[in-house]
Amino acid sequence: MPMRMNEQKKIAVVLLSGGLDSMVSAARAQEAGFTIAALTIDYNQRHRVEIEAARTIAAHLGALRHIVLPLDLSQFGGSALTDAIDVPKSGVGEGVPVTYVPARNLIFLSLTLGWAEALGARDIFIGVNALDYSGYPDCRPEFIEGFARLADLATKAGDAGEPFTIHAPLQYLGKAQIAEEAARLGLDPGMSWSCYDPAPDGRACGLCDSCRLRKAGFADAGLVDPTVYVV
C-alpha cells in the first residue's frame, strides 16, 4: 500500500545505493531526526551485489519502507557499469572515467523527488561527495544546487510554496572522514559495497576507482575495512 506522511512523522526519502557513502548519508538523516524511506535503483548495473547491500542497510536502519525500483539502464549503455566496457583498473585518473553512467544522479534524484512528493515529504538525502570521488559531474555541489531549484519548479508542492531540501551531508568530506563518520554512527562498513567489478567468487576487485578510494579512505582514517579484496 502507498505510504503517506502524517503530522506525527518527519520523513526523508534517502537514495540508498548500498555503498558506503549512501549508508552514512542515510544514518545522518536518522541522526537529524528523520524517519527514512529508502529508494534503491536496480539499473542492471554490473555490481548488482550492492542492491543486496542496500537491503541489508535499510533493514538495519529500520527504514519505514524500502523500494527497489527496476530501471534497466543497460538498454542505454554508454558506461562500464551498464555496457560491455572494461572497468578501468589502472588507478584514479584525470577526467570523467568510463564508469560514469550518463545522467545517473539526475535520473535517480528525479525518481526520488517523485516519491517524496507522493509521500508529502520535503527532504531528500543523497550521499554524493565532491572530494574523494571519480570526477563525475553529477556529484558536484553545483549539480545539487541546480537540482534543488529544478525540484521546486517541476512539482506541485514547489509551485504551492512548499520547497524541497536536497541534503548532501557528505558533500565536502573525503573518504577518510566518511569512514570515520561510519564508525561514529556505529555502522558496520561491511554492510556496504563499493566495488564496480566484483570477482566471480564474490570478492571486491581492489583495483577499480571505487575500491582504491575506499581502501585509501579506511587506511588514512586508521580504521579496518572488512571488505575482502582480490588484491
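This is a short tour of one protein, stop by stop, with something to select at each stop. Keep in mind that the model is predicted.

**Stop 1: the whole chain**

Start with everything shown as a cartoon. You should find seven helices and five strands in the protein. Colour the chain from its start to its end and follow the order of the elements, which reads β-α-β-α-β-α-β-α-α-β-α-α. Now turn the model around: along the principal axes, the C-alpha trace spans about 50 × 40 × 30 Å.

How does the radius of gyration of the protein agree with that of a compact globule? For 231 residues, such a globule would have a value near 17 Å, and the protein has 17 Å, so the two agree.

Switch on a surface if you like. Of the 231 residues, 51% count as buried. Contacts also reach across the sequence: among those with a separation of 6 or more, 73% join residues 24 or more positions apart.

**Stop 2: the largest nonpolar core**

In soluble globular proteins, nonpolar side chains tend to be buried together. To look at this here, select I126 and I144, the residues with the most contacts inside the largest nonpolar core, which has 43 residues. Strand 1 (11-15), strand 2, helix 3 and helix 4 (141-154) each give at least two residues to this core. Highlight helix 3 in its own colour, as the largest share of the core, six residues, comes from this helix.

Stay on I144 and show its surroundings. Which residues does I144 touch, leaving aside its neighbours within four places in sequence? They are L109, I126, V128, I166, A168 and Q171.

There is also a second, separate core, this one of 27 residues. Select I57, L173, A176 and A221 to see some of its members.

**Stop 3: the cavity**

How many cavities of 30 Å³ or more does a search of the whole structure find? The search finds one. The space inside this largest cavity comes to about 650 Å³. Select S17, D21, R104, G127 and Y196: of the 32 residues that line the cavity, these are the closest to its centre.

Next, colour the elements that give two or more residues to the lining: helix 1 (20-31), strand 2 (35-42), helix 3 (104-119) and helix 7 (209-221). Colouring the lining by class shows 15 nonpolar, 12 polar and five charged residues.

**Stop 4: two loop residues with positive phi**

Select N44, in the loop between strand 2 and helix 2 (49-61). Its phi is positive, about 60°, although N44 is not a glycine. With a relative accessibility of 34%, N44 counts as partly exposed.

Then jump to A103, in the loop between strand 3 (65-70) and helix 3. A103 is another residue other than glycine with a positive phi, near 60°. Its relative accessibility is 28%, so A103 counts as partly exposed.

**Stop 5: T165 in strand 5**

Go to strand 5 (residues 165-167) and pick T165. This residue is partly exposed, with a relative accessible area of 37%. Now add R122 to the selection: R122 and T165 are 43 residues apart in sequence, and their C-alpha atoms are 6.3 Å apart in space. Beyond the neighbours within four places in sequence, T165 is in contact with R122, D123 and I124.

**Stop 6: two residues of helix 7**

Is S210 buried or exposed? Select S210 in helix 7 and check: its relative accessible area is 14%, under the 20% limit, so S210 is buried. Show S194, C195 and Y196 as well, which S210 contacts when neighbours within four places in sequence are left aside. Y196 was also on the list of residues closest to the centre of the largest cavity. For a distance to try in your viewer, take S210 and K89: they are 121 residues apart in sequence and 9.9 Å apart from C-alpha to C-alpha.

Finish with D220, also in helix 7. At 62% relative accessibility, D220 counts as exposed. Draw a last line from D220 to A179, whose C-alpha atoms are separated by 9.3 Å with their positions 41 residues apart along the chain.

Notes: Residues are numbered from 1 along each chain as its sequence is written. This is a predicted model: local features need pLDDT of at least 70, side-chain atom pairs count only at pLDDT 80 or more; totals for chains, interfaces and linings use all residues. Side-chain values use heavy atoms; hydrogens and water are left out. On a 1 Å grid over the protein atoms alone, a cavity is a set of points where a 1.4 Å probe fits but cannot get out, and a pocket is an open set with protein on both sides within 12 Å along at least five of seven lines; lining residues have an atom within 4 Å of a point. Grid points are joined across faces, edges and corners, and a volume is the space filled by probe spheres set on the points. Helices (H or I, at least four residues) and strands (E, at least two) are DSSP runs, numbered from the N terminus. Ala, Val, Leu, Ile, Met, Phe, Trp, Tyr, Cys and Pro count as nonpolar, Asp, Glu, Lys and Arg as charged, and the others, Gly among them, as polar. A nonpolar core is a set of buried Ala, Val, Leu, Ile, Met, Phe, Trp, Tyr and Cys residues joined through side-chain atoms within 4.5 Å. Buried means under 20% relative accessible area, exposed over 50%, partly exposed in between (1.4 Å probe, protein chains only). Contact means heavy atoms within 4.5 Å. The radius of gyration is taken over C-alpha atoms; the globule rule is 2.2 Å times the number of residues to the power 0.38.
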